[in-house]
Amino acid sequence: LNYSCTRDGEFYTVNVLIAGDASSLRVSPAGSGTIDPATGEFTSNPIANNANYSFTFTDDYDCGSFTLSGTYNCPCYTFAGTFNEQRVEVCTGNTATFTHKQDSLIDPNDDFVVIVYDDLSDPIGSILLTKKTASFGIQAPLQPGNLYYVSMVLGNQNGSGGVNYNDPCLSISPHVELLFNPLPTADYVGATGEIDNCVGQEFKFPFQLSGEAPFTLTYSENGGPNQTTQLNTMPTDTFRSNTTVDATYAFTLVTDNNGCSNPMDTTLIADVLPSPEIELTNTNDTTVCDGETIELRFKVKKNGRYSFDLYDEVSNTTIRSFNNLIPENFIYTQQKADADSFRFVPRNLSDNVCTGPSSGQKRVFRTELPVLTFTGASDICEGQSTLANYTISGGIAPYEVRITGTGGFDQTLNNIPASGSITLPGTVTGQNTYSVVEISDSSPIKACEGSGGSVSYTVNPLPQISIVSADDVCKGDDIPVT
């Protein structure tokens, strides 16, 4: 007993060799096949695959009968073949292409379709798309980021250009994973696309990101050539700039780690605010005498409200803090100098938005006014001179002193020390008085002028004798003289 199947497996024939008188053999049902009278071989008509058959054989001698019955299931030859790829990933908007190895076995009445499905355990029951090509882009109901499976299905034609999924010889190729990667996005999420910052401050522009990190953003600055920057952190990362001049950033493209790109149309502006500047301009060293004021001259870039500290680097203290409207050029007068020296500098300048540089310093030396005090002078006789003792407090030695006094005396003494004696005349008898009318010291840069006291002494006249009379006498006698 043998069976022979058609190529498509839909029909089979029964072949059996019957012993006996071959020329007189008959089969029932009549016409269900043919018997070779020479060999006794029976060949049935085609029988539908998996259908039952029953044949009864007799001969002319009526020596009994023989019945052959059964069923047969033809083996399937259809084979859908395999793809080269195991996984295909493309960016949404691009075409996914699958390369078949051309290893299919196809029955004459077979057809094929490429199916996209999402359940490996039930490919036919979870078909989402059918295609007649193994190259296609994303379409409904497929969604970016979801994993799908692709197989070729081979089976009998269904009469509508497709495949009869009920074909018992239906063949489904091993699946290929399919992923349409979503296009990356980079959306600016800052409060405003234009940020004002001071020189030296960092500009921060936050982006909301989606896709596969890291991300590369393509942009141009002030219309220049394209540049790129990388953002790594999801879901939000920051584009940073330390520009020192106004800048406009035009973002045109975002590309993620999957190699997917998406156009951008984002313009961000960095406005660099000018820094305030202040300079102390009268920087020459100055001496101020006790009681004088200190004049400090400042210059700022433009009129406005500023805050800054006037600092003394000698005492390491803040003399005054300013926070008010200031003209471009202004003068500050320090009313009292209560230390011996200062080094004034401006510090901590701010226009209440930005801080800025301060420059210039002024060294100031304070000197107490010199005061000359006489400690006494001795009375003298007419024509003599006396020494008037003195001390000088304040100021810096040596000193220059001008003294006037009795009899039109007017004399300037140079380079005198802080203590000593001054020679005064005795030309006018009686009480003599001499006073210091001018005194200046040797302070650096500028001498300080002070004051002095007076000294008095008596010039006693010299004793005198006058002959008022003399008597005539004889020679040899004494002469009485009055």
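A residue counts as buried when its relative accessible area is under 20%, as exposed when that area is over 50%, and as partly exposed in between. With this in hand we can start at E202, which has 31% relative accessibility and therefore counts as partly exposed. Please keep in mind throughout that the model is predicted.

What does E202 do with its side chain? E202 forms a salt bridge with R240, and the closest N and O atoms are 3.2 Å apart. E202 sits in the loop between β18 (194-198) and β19 (203-210), while R240 belongs to strand β22 (residues 236-241), so the pair ties together parts that are 38 residues apart in sequence. R240, with a relative accessible area of 46%, is partly exposed as well.

Let us step back to the whole chain. The protein has zero helices and 43 strands. Its radius of gyration is 63 Å, well over the 23 Å that the globule rule gives for 482 residues, so the protein is more spread out than a compact globule. Along the principal axes, the C-alpha atoms fill a box of roughly 245 × 35 × 30 Å. Buried residues account for 36% of the 482 residues, and the protein exposes about 25700 Å², of which carbon and sulfur atoms supply 47%. If you look at contacts between residues at least 6 apart in sequence, 61% of them join residues at least 24 apart.

How confident is the predictor here? The average pLDDT is 92, and 99% of the residues score at least 70. Confidence is highest in strand β23 (residues 247-255), at a mean of 98, and lowest in strand β26 (residues 286-289), at 86.

Now follow the chain to an open sheet of five strands, whose order is β36-β43-β41-β38-β39 and whose pairing is mixed. At its edges are β36 (380-381) and β39 (409-416), each of which pairs on one side only. β36 runs parallel to its partner, strand β43 (residues 454-460), and the two share two bridges. One residue to look for is I380, whose bridge partner in β43 is V459.

The side chain of R402 is worth a visit too. R402 and D410 meet in a salt bridge at 2.6 Å, N to O. R402 also meets E438 in a salt bridge, here at 3.4 Å. That second pair links distant parts of the chain, since R402 lies in strand β38 (residues 399-405) and E438 in strand β41 (residues 430-440), 36 residues apart. R402 is partly exposed, at 27% relative accessibility. D410 is partly exposed, with a relative accessible area of 44%, and E438 is partly exposed, also with 44%.

How many salt bridges are there in the count? The count comes to 13. Elsewhere in the chain, R87, E89 and E177 are linked in a network of salt bridges.

Our last stop is Q335, in the loop between β30 (329-334) and β31 (341-350). Is Q335 buried or exposed? With a relative accessible area of 57%, which is over the 50% cut-off, Q335 is exposed. Leaving aside neighbours within four places in sequence, Q335 is in contact with E292 and T293. For a sense of scale, compare the position of Q335 with that of F112: these residues are 223 apart along the chain, and their C-alpha atoms are separated by 103 Å.

Terms used:
Residues are numbered from 1 along each chain as its sequence is written. This is a predicted model: local features need pLDDT of at least 70, side-chain atom pairs count only at pLDDT 80 or more; totals for chains, interfaces and linings use all residues. Side-chain values use heavy atoms; hydrogens and water are left out. pLDDT is the predictor's confidence in each residue, from 0 to 100. Helices (H or I, at least four residues) and strands (E, at least two) are DSSP runs, numbered from the N terminus. Two strands pair if DSSP finds at least two bridges between them. A salt bridge is a side-chain nitrogen of Lys or Arg within 4 Å of a carboxyl oxygen of Asp or Glu. Buried means under 20% relative accessible area, exposed over 50%, partly exposed in between (1.4 Å probe, protein chains only). Contact means heavy atoms within 4.5 Å. The radius of gyration is taken over C-alpha atoms; the globule rule is 2.2 Å times the number of residues to the power 0.38. Accessible areas come from the Shrake-Rupley method with a 1.4 Å probe; for residues, only the protein chains shown count as cover.
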